[in-house]
Amino acid sequence: MSEPVKVKRPRGKARVIAGKCIACGARCQSVCPINGVEMSEQGEPVIETAKCIGCVKCVKACPAGALEMFYTPEELAIIASFEKHGGEEIDEEELERRSRVAAYKGVWVFVEQNDGEAAKVSWELTGVGRELADTLGVPLSAVIIGSGVDHLADTAFSYCADQAYMINDSVFRQYRTEPFLAAMCHLIEKHKPQVVLMGATGMGRDLAGAVATRVKTGLTADCTGLGIDAKGNLMQTRPAFGGNIMATIMCDRFRPQMATVRPHVMPMPQQRQGATGITIPESCPIPESSIFTRVLEVITDKGGKDKVDVAGAEFIVSGGRGLMAKENFALLEELAEELGGVVGGSRSAVDAGWLPQDRQVGQTGKTVRPKIYIACGISGAIQHLVGMQDSDVIVAINRDREAPIFEVATFGIVGDLFEVVPALTAGVREMKQLRS
Amino acid sequence: MLVIACLKQVPDTTQVQIDPVTNTLVRDGIPFIVNPYDTHALEETLRLKDSHGLKSVALSMGPPNAEATLRKALALGVDRSILLSDRAFGGADTLSTSNVLAAAIRKLGESEEVGLVFCGKQTIDGDTAQVGPGIAVRLGYSQLTLVDRIEKLDLDAKTVTVRRKLEGRYEIVEARLPAMITVVRELNRPRYPTVPMRLASAKAEVESWSNEQLQLDVNSVGLKGSPTWVSRIFSPERQEGEIIGDGLNDPIAAARLLLDRLVQGDMLSV
Ligand SMILES: Cc1cc2nc3c(=O)[nH]c(=O)nc-3n(C[C@H](O)[C@H](O)[C@H](O)COP(=O)(O)OP(=O)(O)OC[C@H]3O[C@@H](n4cnc5c(N)ncnc54)[C@H](O)[C@@H]3O)c2cc1C
Ligand SMILES: Cc1cc2nc3c(=O)[nH]c(=O)nc-3n(C[C@H](O)[C@H](O)[C@H](O)COP(=O)(O)OP(=O)(O)OC[C@H]3O[C@@H](n4cnc5c(N)ncnc54)[C@H](O)[C@@H]3O)c2cc1C
Ligand code: SF4
Ligand code: SF4
């Protein structure tokens, strides 16, 4: 090794920690400034140690913690002599970015409504939004866009909002992407919120994806957990890979930080009747003639043959393939009726035609959060679990002790559902009789 | 007129498992598949090719091995299959993914008018449902998500009427072309490739475009163009439940025991 006049602090080399790479799509390779990372057939990196300049970019980029830095023995010796020095320096670009980000203040919740009736998820969001706003020491605002929606401001105040931005105009009578996108972006550019939350519903996902693209910021989908880190950035936790893993997503360099949350994932806050707040009237004039999308007809299921709201129920008795036949769901109906609840099911049960689609619980069905969820003859596939694991109490009835449903259950009975369920129904009836 | 299907190649997440010891994803031998919803997007593209004589194109952004997905699309009958692959595209979030896909669609539009772009409702790995709206906004197309039926396509008037499947209701919506449509499973039943088509597709060429063709700012694609980043990955915590009684031999007693526990714990009141 030659002796340079000024010895640079050795930066080490990157290496892969065996078994940790999840093949996320070559993040490590894409950030390496010297093309020192090759990807294998399995999508895992191979680092050319000789080329590596130790910039640590790949290590930072890896979401799975699959890369680490290590020092060669020579490097370690040099490091020892550097021990006293240290301290992070902030360059100008970083300073400018920080001041840009700091201009955004406040937590917003988009109030989803249909014909002036707010979706419950909006208030679940003001509930969690309140906590975020308090941690950050900023106001919580509801954003209300619609026609004939003035009354929703008071509802928002009763559900924890400090203020409400209100756009009330006939062009917003029915949800359409274009006008709502324009209105939302107008408000964001004008008032610069740091956090914007929306329900992960058909409407919320349609709008959030469009807004984030136009204002060029990040959007985290279907969060199950929201928190604030030490630097005041939003930590957004969500399931990915079909619920097999949880990921915490950050959007610390851009504003606003946008997130969607599925209905029933966050608890409904206590309503404070008579609470007041400030309504801030806004406008975003859009002539109807400039909009090329028209809602010709709305067909509601209301009053249809099946209007059971699984997602809103307090007690759910759910059945899966273990039920064997459509008729057997009568057993579950009986128990559900005794409890004052409803019957739901797994996708297998729905696919078999034993239940209508809107009773399906899980990743591609409803997310539920009842007081008690009783899973009968359901194995507990991850796609099912993501839809019900936040229930207050989970009871699993399955004859296979190894079924994964027992891993999320509060209480489990290993047994034949055709024996256990009727016994439960009888037990509840008996308890009721004793009571009266 | 072009009709375009966006296809993402994804790991079959139903087969992904967590190693209980190391708490990491076990991916060995997990096959890559076409995102299930995207097969419906592709099918609709092929139907419009058959019914309205549109020219069909399949697009996928991904690593070189995503060519397999595009080859399947050729076997099913699309006219062109284009892989968007470049080191600079790696590690993309939805914002930078839609940037690349929109740029490719824009480029296709330079030589032939684009009528419709079909995407899946969401993927089974990233699962965000954000890429479709991203494409629509970037291109200024009409955005129609969660479509389960195409009611009418009027190429002369340049309008499309669809049915959207929302929570507890359907909406019939008419919009102007070009339109970006995301599709749900109920839309159609995807076809299977016939043997002659599969054989023909083995020889057909999957085109490949890198950023040389798209000429995007490298700071707007891939990881660099992504405002979101994954700071931590962990397996969902689950506390093991308590098994009540001996349900196999005495179901009635087990049921009683369970009800007692629920009532005592204030979880149930009758
Ligand atoms: C993209 C995608 C999305 C999906 N989305 C969803 C979703 O939203 N919701 C969903 O539920 N699934 C979903 N699935 C399907 C999921 O992977 C499983 O296939 C499904 O949940 C299994 O249903 P099951 O538990 O009823 O059936 P099985 O897995 O077949 O389980 C039946 C269980 O019943 C038990 N059993 C049988 N007889 C009895 C008896 N007499 N007494 C007691 N126990 C008995 C068995 O031991 C077994 O554990 C999805 C899959 C994919 C690929
Ligand atoms: C653990 C984890 C969590 C993540 N969370 C987020 C997050 O919260 N926010 C975020 O912005 N990004 C996130 N990402 C990144 C995201 O998965 C990628 O951006 C991905 O390229 C596209 O997102 P998606 O899979 O969710 O697609 P979706 O938006 O769900 O896809 C909808 C449709 O768009 C089309 N499409 C999507 N990707 C492609 C493609 N590459 N080629 C062709 N067509 C395509 C398909 O038709 C697809 O059906 C996450 C990644 C990981 C690994
Ligand atoms: S540390 Fe830097 S130079 Fe070395 S492999 Fe990683 S990204 Fe490339
Ligand atoms: S960034 Fe990490 S998870 Fe992604 S490919 Fe590289 S090593 Fe694997």
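1. Partly exposed, with a relative accessible area of 42%, is how N35(A) comes out in this structure, which is a predicted model. N35(A) is not a glycine, and yet its phi is positive, at about 50 degrees. As for its setting, N35(A) lies in the loop of chain A that runs between α1 (27–31) and β2 (37–39).

2. K192(A) can be read alongside that residue, since K192(A) also carries a positive phi of about 50 degrees although it is not a glycine. K192(A) is placed in the loop between α7 (177–191) and β10 of chain A. The relative accessibility of K192(A) is 30%, and because buried means under 20% and exposed means over 50%, K192(A) counts as partly exposed.

3. A200(A) sits on the other side of β10, in the loop of chain A between β10 (195–199) and α8 (202–215). Is A200(A) buried or exposed? At 11% relative accessibility it falls under the 20% limit and therefore counts as buried.

4. Which residues does A200(A) touch, once those up to four places away in sequence are not counted? The contacts of A200(A) are R205(A) and D222(A), together with T260(A), V261(A), R262(A) and P263(A). A further relation concerns A221(A), which is 21 residues apart from A200(A) in sequence, while the C-alpha to C-alpha separation in space is 7.3 Å.

5. The backbone of chain A has a cis peptide bond joining R255(A) and P256(A), for which omega is about -10 degrees. P256(A) belongs to the loop between β14 (245–250) and β15 (257–261) of chain A. The strand β15 that follows this loop spans 257–261, and T260(A) and V261(A), which fall in that range, are among the residues touched by A200(A).

6. Chain B has a cis peptide bond to be checked as well, namely the one from L177(B) to P178(B), with omega near -5 degrees. P178(B) is found in the loop of chain B between β11 (169–176) and β12 (179–183).

7. The last point concerns ligand 4, and the question is which of the 14 residues around it come nearest. These are C21(A), C24(A), C28(A) and C62(A), along with P45(A). By residue class, the shell around ligand 4 divides into 12 nonpolar residues, one polar residue and one charged residue. For a reader who sorts residues by class, it may help that Cys and Pro count as nonpolar here, so the five residues named above belong to the nonpolar part of the shell.

How values were computed:
Residues numbered from 1 in each chain as written. Chains lettered and ligands numbered in written order. Predicted model: local features only at pLDDT ≥ 70, side-chain atom pairs only at ≥ 80, totals over all residues. Heavy atoms only, no water. Near = heavy atom within 4 Å. Helix = DSSP H or I, 4+ residues; strand = E, 2+ residues; numbered from the N terminus. Buried < 20%, exposed > 50% of the residue type's maximum accessible area, 1.4 Å probe, protein only. Contact = heavy atoms within 4.5 Å.
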